[in-house]
Amino acid sequence: MARAPSKHGRDQALDWELSLKDKDKDKKMRPQEPNKEIPKSGDFGTSSYSRNYDPINTISSSFGSEDSLPDAASEKDLGNEYFKQKKFKEAIDCYSRSIALSPTAVAFANRAMSYIKIKRFQEAENDCTEALNLDDRYIKAYSRRATARKELGKLKESIEDAEFALRLEPHNQEIKKQYAAAKSLYEKRILQKISEQEKQKVGKLDTKVNGHSIQPVSSSTQRTGMTAVEDHCKKINTSGKQASKVSVQELASRAALRAKVLAAENITPPTSAYQFEASWRGLSGDRALQAKLLKAISPSALPQIFKNALTVHILVDIIKCVTTFFIDEMDLAVNILENLTKVPRFDTLIMFLSSNDKADLAKIWDEVFYNEATPIEFAEKLDNLRTKYCLKR
C-alpha cells in the first residue's frame with residue numbers, strides 16, 4: 001500500500017503548481033512587441049520626414065492613447081496651428097477645449113481673435129472681457145476688444161480700450177492707429193447727429209398759423225417755395241459747417257454730463273483696474289462722485305483690483321480725492337492710504353513721481369493730514385505713511 005505524502009510534501013507541490021500558473025498568466029498578459037522595421041538612413045516610413053511633417057497631426061497624435069489625455073496647452077497650440085491655416089472654426093473648438101481644461105487670458109484672447117475673423121464680434125468682446133478679468137494688463141485683449149467694440153458700433157468704449165492699452169504701452173504703433181480710427185469714426189458720428197439736427201430745424205414747417213390750417217397752394221407757388229427753402233438750406237449748411245466745430249464741443253460736453261449723471265446713479269464697486277479707471281474718468285471733475293466711488297470699494301480690495309495696473313496719475317488723483325472726506329471719515333481715509341501702499345509695484349510708482357507730484361502730496365500731508373483735529377493714533381500712522389510715500393518734511 002502506497003504511503004500518503006506528508007503535509008510538507010503536499011505544500012511544496014501546491015506552491016510549485018501556483019508558481020507555474022503565475023508564470024503562464026504573466027506571459028499571457030505581457031503585450032507582444034510588434035515587429036519593428038528599422039528605417040533606412042534619412043527615411044521615416046515611406047517618405048521623407050521633412051516633406052511629410054504636419055504640425056497639427058503631430059500635436060493631435062499625442063491624444064491617441066488613453067495614457068496621454070489632452071491638456072490645455074496642447075489644445076491651445078493646436079488652435080494656433082489651425083488659426084495659421086485660416087481654419088478659424090476648428091481653432092475656436094481647440095481654444096474652447098483649452099479653456100474648459102484650464103482657462104487662461106491667452107486662450108480667451110486667441111479665441112476672441114478667431115471670432116473676429118468670422119465676424120462674431122459679440123462673442124469676441126465677451127472673450128476679451130474674460131481675458132481681462134484674468135489679466136487686466138493683457139494688451140492684446142484690450143486691442144481685440146477695441147476692434148470688436150468698433151464693429152459693434154460701441155465707439156466710445158472702443159476708444160477707451162485703445163486709450164488704456166496705450167497707457168500700458170505708449171509706443172505701440174498698431175494701437176495708436178486703432179485709437180485714431182475709432183476716434184475719427186466717433187467724431188464723424190457726432191457731426192452726423194449735428195447735421196441731422198440742423199436739417200430737422202430747417203425742414204420743420206408748421207402746418208398751422210395762428211391756429212388756422214394752411215390752405216393748399218398752386219404747384220408753381222410750391223416750386224417757388226421749395227426753391228426758397230432749398231436756398232435757405234444751402235445757407236444753413238454753409239454756416240453749419242463753420243459752426244459745427246463749436247457744436248461738437250457743446251454736444252460732447254452735454255454727452256459727458258449725461259454720462260456722469262448716469263454713472264452717479266449706477267456706482268458699483270469695480271473689480272479690475274480697467275473698470276476703476278473707466279468709472280473714475282467718467283466722474284472726472286466731480287470730487288464728490290469720485291469720493292462716492294472710492295467709498296463703495298473696500299480698502300482691503302484695492303491691491304487686488306489694481307494689481308500691476310495702478311498708474312502714477314491715478315494714485316495721486318486718489319490721494320487728492322481722499323482729502324475731500326479726510327476730516328469727516330478719517331479712519332476710512334487712512335485705511336485707503338495704507339492699502340494703496342500694498343498695491344504691487346507701489347515702490348516703483350513712487351520712484352516715478354514727478355517733483356510737482358511730490359510737492360503736491362507733501363503739501364496735502366502738511367496742510368490736510370497734519371492738523372489740530374487729527375487724533376494722535378492717526379497722526380502716527382500718517383507719519384509712517386509719509387515715509388512710505390517718500391515725502392520730505
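A nonpolar core here is a set of buried Ala, Val, Leu, Ile, Met, Phe, Trp, Tyr and Cys residues whose side-chain atoms join up within 4.5 Å. Keep that in mind for the first view, and note that everything below comes from a predicted model.

**View 1. The largest nonpolar core and the helices that feed it.** This core counts 46 residues, and the ones with the most contacts inside it are Phe276, Phe306, Ile318, Ile319, Leu340 and Tyr389. Two or more residues each come from helix 12 (273-282), helix 13 (287-295), helix 14 (302-306), helix 15 (312-322), helix 16, helix 17 (346-351), helix 18 and helix 19. Helix 15 gives the largest share, eight residues. As a general backdrop, nonpolar side chains in soluble globular proteins tend to be buried together.

**View 2. Zooming in on Ile319.** Skip the neighbours within four places in sequence, and Ile319 is in contact with Leu337, Leu340, Leu361, Ile364, Trp365 and Tyr389. Elsewhere there is a second, separate core: 18 residues, among them Ala109, Ala165, Leu166 and Ile175.

**View 3. Helix 19 and its two faces.** Phe378, Leu382, Leu385 and Arg386 are the buried residues to look for in helix 19. They sit on the same side of the helix, because the arc they cover around the axis is only 105°. That fits the usual geometry: an α-helix has 3.6 residues a turn, so residues three or four places apart point the same way. The buried residues of helix 19 pack against helix 16 (330-340) and helix 18 (355-369). Turned away from the buried side is a face with the exposed residues Ile376, Glu380, Asn384 and Thr387.

**View 4. Helix 19 end to end.** Helix 19 runs over residues 376-388, 13 residues in total, so at 1.5 Å a residue it should span 18 Å. Its end C-alpha atoms are 19 Å apart, which agrees. Just past the helix, Cys390 takes a positive phi of about 55°.

**View 5. Asn339, a polar residue tucked into helix 16.** Asn339 is part of helix 16. Its relative accessibility is 6%, so Asn339 counts as buried, the cut-off being under 20%. Not counting residues up to four places away in sequence, Asn339 touches Pro299, Ser300, Leu302 and Pro303.

**View 6. Ser74 and its partner Asp71.** Ser74 belongs to helix 4 (residues 72-84). Ser74 is buried too, with a relative accessible area of 18%. Its side chain makes a polar contact with the side chain of Asp71, at 2.7 Å.

Technical notes:
Residues numbered from 1 in each chain as written. Predicted model: local features only at pLDDT ≥ 70, side-chain atom pairs only at ≥ 80, totals over all residues. Heavy atoms only, no water. Helix = DSSP H or I, 4+ residues; strand = E, 2+ residues; numbered from the N terminus. Expected span 1.5 Å × (residues − 1). Buried < 20%, exposed > 50% of the residue type's maximum accessible area, 1.4 Å probe, protein only. Arc of directions from axis to C-beta. Contact = heavy atoms within 4.5 Å. Polar contact = N/O pair within 3.5 Å; in protein donor to acceptor, adjacent residues only side chain to side chain.
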